[in-house]
Amino acid sequence: MRRFTSHFALIGLFLLASGCGTAAPDSTLTSAPESLSGPAWAHDEPAAGFAASPSAAEVAGTSGPGSDIVRSEDPRHKSGTTHDRDRPRAEKPLRRQDRPSGQLTAGSIDDVERSAEFCQFLDQALASGLFAGVVKDARPRVMLHVTTPDGLPIGGAELTVETPAGQGSVLQLTTGSDGRAMLSVSDLDVQAQLCQVTVRPPDGSRPVRRELSFEKEVCRIVVDDYEAQRPQQLDLALIIDTTGSMGDELEYLKAELDDIVARLRETFPNVDQRFALIVYRDQGDEYVSRRFDFTRSLDDLRGELSRQRAAGGGDMPEAVHVALEQAAGLDWRPGNVARVAFLVGDAPPHDCDILAAFEATIGLRAGGVRLYPVASSGIDLKAEFVMRSAAFLTMGQYLFLTDHSGIGNAHAKPHTSQYFVEHLDQLMVRMITSELCGRRLQPDEVLAIERGDMALPYGPGPILPGQEQDLQGTPQSQRAASLSLPEGTGLWLTLGAALLGVCVYDSIRSRQEA
């Protein structure tokens with residue numbers, strides 16, 4: 001009997017250990033993500049006049065210019081010993097001599113549609129104590145949605161937002177192809193409850209003025225006598241980190257980007273397409289940034305892209321703010337144009353430059369540019385915070401490479417609940433197609449559905465001014481959720497406890513019989 005008791009004890013201990021270390025398995029989404037959109041933004045079938053747009057599946061199945069080089073030294077950035085992440089890394093063997101497209105895998109987070117989860121991430125990140133400098137509060141204040149009386153979006157409308165006299169806040173925005181623009185908490189005086197919005201339609205017709213209240217999450221502005229149309233022009237900018245830490249994935253990314261721009265040209269032959277390229281490193285490197293302004297020549301873009309090599313760096317942060325400033329200064333076309341920028345990198349700005357990166361993002365938003373970061377391997381919390389905030393402010397989405405391709409170093413999971421995994425080229429084409437269609441498109445081919453990591457890897461730190469939180473004021477349900485174990489753990493703990501109970505009872509009976 002004692003032999004069986006020891007066996008039962010070992011089994012019970014094993015189950016307890018398994019239960020404490022087992023997270024819930026991946027599962028499909030059980031509910032729609034929380035959205036700021038409301039009924040007016042539901043992505044149903046396109047209304048009349050907005051049909052004849054290729055779906056993401058159709059796109060996926062369809063198979064230079066002068067440069068500006070920034071060279072400068074900044075005493076704020078001192079390079080010490082070379083950081084491990086910036087040393088060139090040995091690449092894994094390739095199946096073929098070249099690097100074909102369609103190899104990399106990636107996920108995406110639409111923080112505009114999951115605004116509550118995004119605000120939770122911002123609060124936790126700001127409370128981590130990692131941000132020594134001043135940062136912008138990207139939490140949403142109000143969404144402006146400019147439409148026709150039939151509800152069709154008006155893209156390229158210029159907006160001037162003013163608070164009442166005496167408060168003196170003036171803000172310039174431009175709607176994207178979906179007619180939307182975002183106001184954040186840090187954009188206007190937090191005490192203001194009303195604002196005056198002037199809308200200038202892209203066709204130069206008479207401006208429309210409306211007084212709006214900040215009590216609503218979404219403010220719809222209707223412009224009469226305007227014929228809404230889909231964009232027939234595309235300005236696409238590629239912003240790429242070329243420091244040494246990108247060496248494990250840069251060649252694959254170049255192949256992906258080359259294939260994407262070629263596919264766009266074939267899929268949208270009637271859309272006037274222009275392409276720009278910005279590459280950046282850091283202070284003290286061979287160059288800080290190189291800018292190649294918009295061109296219609298695909299060969300020019302391919303030539304510049306193929307000549308880029310990964311080198312330099314030396315520490316974790318890079319000159320992200322310079323790249324964003326260069327992007328804001330590109331020759332973007334005004335009016336009803338799909339303006340898209342992809343920021344490909346794996347590092348945040350220096351602490352002293354985080355605010356400058358936010359200001360450059362505000363400049364992109366003012367011009368109606370949608371920013372889509374693509375986070376590579378080695379991403380940390382600071383980089384995720386800056387990239388996701390920039391995507392949210394410009395109404396883009398946060399993209400990130402995953403381990404499913406087996407290429408490059410390990411990729412950190414984002415701080416979110418769940419996400420879809422797709423091929424990177426199909427994902428990026430879907431983002432661009434969404435801008436040309438004026439509405440969000442859903443993925444056509446999902447490789448996996450993964451759970452993110454909602455728990456930040458840093459302990460609680462000092463909370464910045466304006467971010468104070470009182471635990472006693474936190475709802476009981478939220479406090480309980482923060483202390484709860486991963487889903488599925490309770491079953492293992494129950495079985496383990498039951499087996500241990502049987503073992504204890506069996507041991508007592510054995511002693512009594514003896």
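Which residues have the most contacts inside the largest nonpolar core?

**Entry 1, the core.** I am working with a predicted model. I looked up its largest nonpolar core and found 41 residues in it. L234, L236, I240, F342 and I432 have the most contacts inside that core.

I then listed the elements that give two or more residues to this core. The strands are strand 10 (233-241), strand 11 (272-280), strand 13 (338-345), strand 14 (370-375) and strand 15 (398-401). The helices are helix 4 (250-267), helix 5 (298-306) and helix 9 (424-437). Helix 4 gives the most, with eight residues.

**Entry 2, one residue of the core.** I picked I240 and left aside its neighbours within four places in sequence. I240 is in contact with L250, L257, L277, I278, V279, Y280, L305 and V344. Apart from the core of I240 I noted another one, of 25 residues, with L152, I154, L173 and C219 among them.

**Entry 3, two helices.** How do helix 4 and helix 9 cross? I found that their axes come within 10 Å and cross at roughly 40 degrees. Angles from 35 to 65 degrees are neither roughly parallel nor roughly perpendicular, and helix 4 and helix 9 are therefore oblique to each other. I noted the crossing as right-handed.

On the side of helix 4, the contact is made by L253, E256, L257, D259, I260, R263 and L264. Helix 9 brings L424, D425, Q426, M428, V429 and I432. Sorted by class, I have eight nonpolar, one polar and four charged residues in this contact.

Technical notes: Residues numbered from 1 in each chain as written. Predicted model: local features only at pLDDT ≥ 70, side-chain atom pairs only at ≥ 80, totals over all residues. Heavy atoms only, no water. Core = buried A, V, L, I, M, F, W, Y, C linked by side-chain atoms within 4.5 Å. Buried < 20%, exposed > 50% of the residue type's maximum accessible area, 1.4 Å probe, protein only. Helix = DSSP H or I, 4+ residues; strand = E, 2+ residues; numbered from the N terminus. Contact = heavy atoms within 4.5 Å. Axes fitted to C-alpha atoms, helices over the stretch in contact; angles between N-to-C directions. Parallel < 35°, antiparallel > 145°, perpendicular 65-115°, else oblique. Left-handed = near helix turned anticlockwise from the far one by under 90°. Nonpolar A, V, L, I, M, F, W, Y, C, P; charged D, E, K, R; others polar.
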